[in-house]
Amino acid sequence: MRNKYLTKFTPRYVVFLVLIIGCMITGCSNHPTDQGQQYLDGQLANNFNLSQPHLGIPINIADYLMQVNAIERTSPSLYKKNQAIYQAINQWIASGFTTDKFNRVGLSNYQLIGQDQMGNVHLTGYYTPVLKARHQPDSEFRYPIYAKPTNWQGELPTREEIYNGAFDGQKLEIAYTQSLIDNFIMEVQGSGYIDFENNEPLVFFGYSGKNGHPYKSIGRLLIEQGEIDRDKVSMQAIKAWADKQNEQKVINLLKQNASAVFFQPQYNGAVVGSTGIPLVAKAAVASDQSIIPAGSVMLIDVPLLDDKGVYRGQRELRLMIALDVGGAIKGQHLDVYQGIGDEAGHKAGYYNHYGRVWLLKPTANSHLAIPITN
């Protein structure tokens with residue numbers, strides 16, 4: 001779809017034109033746009049800026065309503081805490097969607113300052129992988145996925161210690177897969193579905209904790225080691241690199257990240273976030289909940305990528321709800337849930353872009369309003 005957010009000649013559009021002319025003069029060295037950055041709002045002064053966005057209509061109303069229904073069904077307490085927000089947004093939807101009608105239904109909009117203080121919030125993606133596995137190891141399926149130890153004395157072992165046999169004899173293995181790197185990616189995503197290929201339903205392996213050691217990005221390590229160019233790093237690039245290496249070289253890379261994640265099988269389980277609420281693709285995000293609390297609703301201007309992960313100027317507007325967390329999700333950074341399986345993983349693997357984000361709050365309830373802080 002076309003970018004329909006700049007169809008009216010508004011003061012922000014004037015700012016945009018001025019910035020474009022300025023970029024032509026300066027070479028845009030201070031205003032990159034290749035990852036979807038925009039400079040429509042100038043320098044923002046506060047972490048949250050009361051504003052009235054002039055945007056189009058969110059494309060995912062049905063998915064958003066499905067996500068709210070999942071909250072009401074599975075977490076009545078979280079639904080009640082945010083009920084005024086959800087009801088005000090329902091009124092906005094009924095009024096015809098346009099963002100200039102927010103104030104008519106008692107909604108206020110607080111634009112996030114972004115990582116550059118110009119409204120560009122970091123957007124990444126995550127998904128739920130599906131891995132083939134066996135209950136018992138064989139010559140092909142020999143890489144274990146572990147449950148969390150329950151009676152371990154002292155500090156849990158690092159990833160390197162686990163690879164070296166720290167859990168041998170503990171009976172913590174809950175599945176064996178074909179790929180060490182796929183196991184690691186499932187740890188990064190926080191959950192996954194396991195296909196034991198026995199004509200039974202897929203088993204959801206939910207997050208059950210981690211070993212408590214610091215996380216280190218293997219993508220950053222590969223860049224530092226000269227294995228992948230900085231501008232080409234993605235999940236796809238990491239997997240392609242691993243496929244060309246022998247097992248020991250992959251182990252040598254992964255063990256530099258001491259952190260390890262454990263899982264718990266859940267039969268007939270749905271994909272849930274840290275709140276325990278089932279996630280709807282592209283309607284749920286992981287956030288830093290010290291900034292964006294669980295259950296919060298955001299209007300997010302998302303850059304669209306082509307099949308090769310390239311941003312070509314197209315965008316879409318979505319309503320999304322904060323229902324998850326992530327170890328690397330801090331500050332002005334949101335991780336958008338992309339869904340289940342390889343196609344979702346393909347999309348998630350490329351996202352390392354920027355969008356504008358508005359946190360929605362009901363105007364009438366002052367106790368719910370986000371404080372405007374510097």
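How many salt bridges does a search of the whole structure find? The search turns up 12, a salt bridge being a side-chain nitrogen of Lys or Arg within 4 Å of a carboxyl oxygen of Asp or Glu. Before going through some of them, a few ground rules help. The model is a predicted one, in which local features need pLDDT of at least 70 and side-chain atom pairs count only at pLDDT 80 or more, while totals for chains, interfaces and linings use all residues. Residues are numbered from 1 along each chain as its sequence is written, and side-chain values use heavy atoms, with hydrogens and water left out.

As for confidence, pLDDT is the predictor's confidence in each residue, on a scale from 0 to 100. Its mean over the chain is 86, and 88% of the residues reach 70 or more. Two stretches do poorly on this score. Over residues 1-28 pLDDT stays under 50, and the model has 34 contacts beyond four places in sequence for them (contact means heavy atoms within 4.5 Å). Residues 365-374 also stay under 50, with 20 such contacts.

Now for the overall build. The chain has 10 helices and 14 strands; these are DSSP runs, numbered from the N terminus, with helices (H or I) of at least four residues and strands (E) of at least two. Of its 374 residues, 50% count as buried. Here buried means under 20% relative accessible area, exposed means over 50%, and partly exposed is in between (1.4 Å probe, protein chains only). About 18,300 Å² of the chain is exposed, and carbon and sulfur atoms supply 50% of that area; areas come from the Shrake-Rupley method with a 1.4 Å probe, and for residues only the protein chains shown count as cover. When contacts between residues at least 6 apart in sequence are considered, 80% join residues at least 24 apart.

Helix H8, covering residues 235-243, gives a good look at the buried part. Met-235, Ala-237, Ile-238, Trp-241 and Ala-242 are its buried residues. They sit on the same side of H8, because they cover an arc of only 165° around the axis, taken from the directions from the helix axis to the C-beta atoms. What covers these residues includes strand S3 (121-128) along with helices H6 (180-189), H7 (218-224), H9 (247-254) and H10 (342-350).

Back to the salt bridges. Lys-132 pairs with Glu-197, with 3.7 Å between the closest N and O atoms. Lys-132 belongs to strand S4 (residues 130-134) and Glu-197 to the loop between strands S7 (192-195) and S8 (203-210), so this pair ties together parts that are 65 residues apart in sequence. Both partners are partly exposed: Lys-132 has a relative accessible area of 44%, and Glu-197 has 39%. Arg-134 joins in as well, since Lys-132, Arg-134 and Glu-197 are linked in a network of salt bridges.

A second pair is Glu-227 and Lys-249, whose closest N and O atoms are 3.5 Å apart. Glu-227 is in the loop between H7 and H8 while Lys-249 is in helix H9, so the bridge ties together parts 22 residues apart in sequence. Glu-227 is partly exposed at 33% relative accessibility, and so is Lys-249 at 34%.

Within helix H10, the side chains of Glu-343 and Lys-347 meet at 3.6 Å, N to O. About one helical turn separates the two, because they are four residues apart in the helix. Glu-343 is exposed at 57% relative accessibility, whereas Lys-347 is partly exposed at 32%.

The surface also has a nonpolar patch of about 230 Å², made by Val-130, Leu-202 and Ile-340. Patches are built from residues with over 30% relative accessible area and no salt bridge, joining like charges within 9 Å and nonpolar side chains (Val, Leu, Ile, Met, Phe, Trp, Tyr) within 5 Å. Ile-340 is in strand S13 (residues 333-340) and is partly exposed at 48%.

Two loop residues round things off. Pro-201, in the loop between S7 and S8, is exposed at 61% relative accessibility. Its C-alpha is 7.5 Å from that of Asn-268, although the two are 67 residues apart in sequence. Lys-148, in the loop between strand S5 (143-146) and helix H5 (159-163), is partly exposed at 34%. Beyond its neighbours within four places in sequence, Lys-148 is in contact with several residues, including Leu-156, Ser-208 and Phe-262.
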